[in-house]
Amino acid sequence: MSYQVFQNRVNNLVRRAGGNIKVSFSADADSGKYMAVCHGMCKILGNSSCKRVEVRWGSGHKALAVI
């Protein structure tokens, strides 16, 4: 997925969760990796070659999801 699609999908999740979550986005153009940090909650990691993302939260918990 593209970086823009990643941002749109994460923002849609935030809206469905109530919209009161601050999110910071970053991308590494060389490796094609994306990161969204939902402050105080979790990190969502994605890349340009897959629709699946990794969600990390708490003290080492993680899960895979399709967004």
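**Close-up 1. Partly exposed F25 and its aromatic partner in the predicted model.** In this predicted model, F25 has a relative accessibility of 24% and therefore counts as partly exposed. F6, by contrast, is buried, at a relative accessible area of 0%. A search of the whole structure finds 3 aromatic pairs. F6 and F25 form an edge-to-face pair, with 6.3 Å centre to centre and 85 degrees between the planes. Because F6 belongs to helix 1 and F25 to strand 1, this pair ties together parts 19 residues apart in sequence.

**Close-up 2. The tilted pair of F6 and Y34.** The rings of F6 and Y34 form a tilted aromatic pair, 5.4 Å centre to centre with 40 degrees between the planes. Y34 lies in strand 2 and F6 in helix 1, so the pair ties together parts that are 28 residues apart in sequence. Y34 is buried, with a relative accessible area of 9%. One aromatic cluster is formed by Y3, F6, F25 and Y34.

**Close-up 3. The buried and exposed faces of helix 1.** Helix 1 comprises 14 residues (residues 3–16); at 1.5 Å a residue it should span 20 Å, and its end C-alpha atoms are indeed 20 Å apart. F6, Q7, V10 and V14 are buried in this helix. Seen down the helix axis, the buried residues fall within an arc of 95 degrees, so they line one face. They pack against strand 1 (23–28), strand 2 (33–38), strand 3 (42–47) and strand 4 (50–57). The exposed residues R15 and R16 are carried on the face turned away from the buried side.

**Close-up 4. The residue G18 after helix 1.** G18, just after helix 1, takes a positive phi of about 120 degrees.

How values were computed: Residues numbered from 1 in each chain as written. Predicted model: local features only at pLDDT ≥ 70, side-chain atom pairs only at ≥ 80, totals over all residues. Heavy atoms only, no water. Helix = DSSP H or I, 4+ residues; strand = E, 2+ residues; numbered from the N terminus. Expected span 1.5 Å × (residues − 1). Buried < 20%, exposed > 50% of the residue type's maximum accessible area, 1.4 Å probe, protein only. Arc of directions from axis to C-beta. Contact = heavy atoms within 4.5 Å. Phe/Tyr/Trp six-rings, centres within 6.5 Å; stacked < 30°, edge-to-face > 60°.
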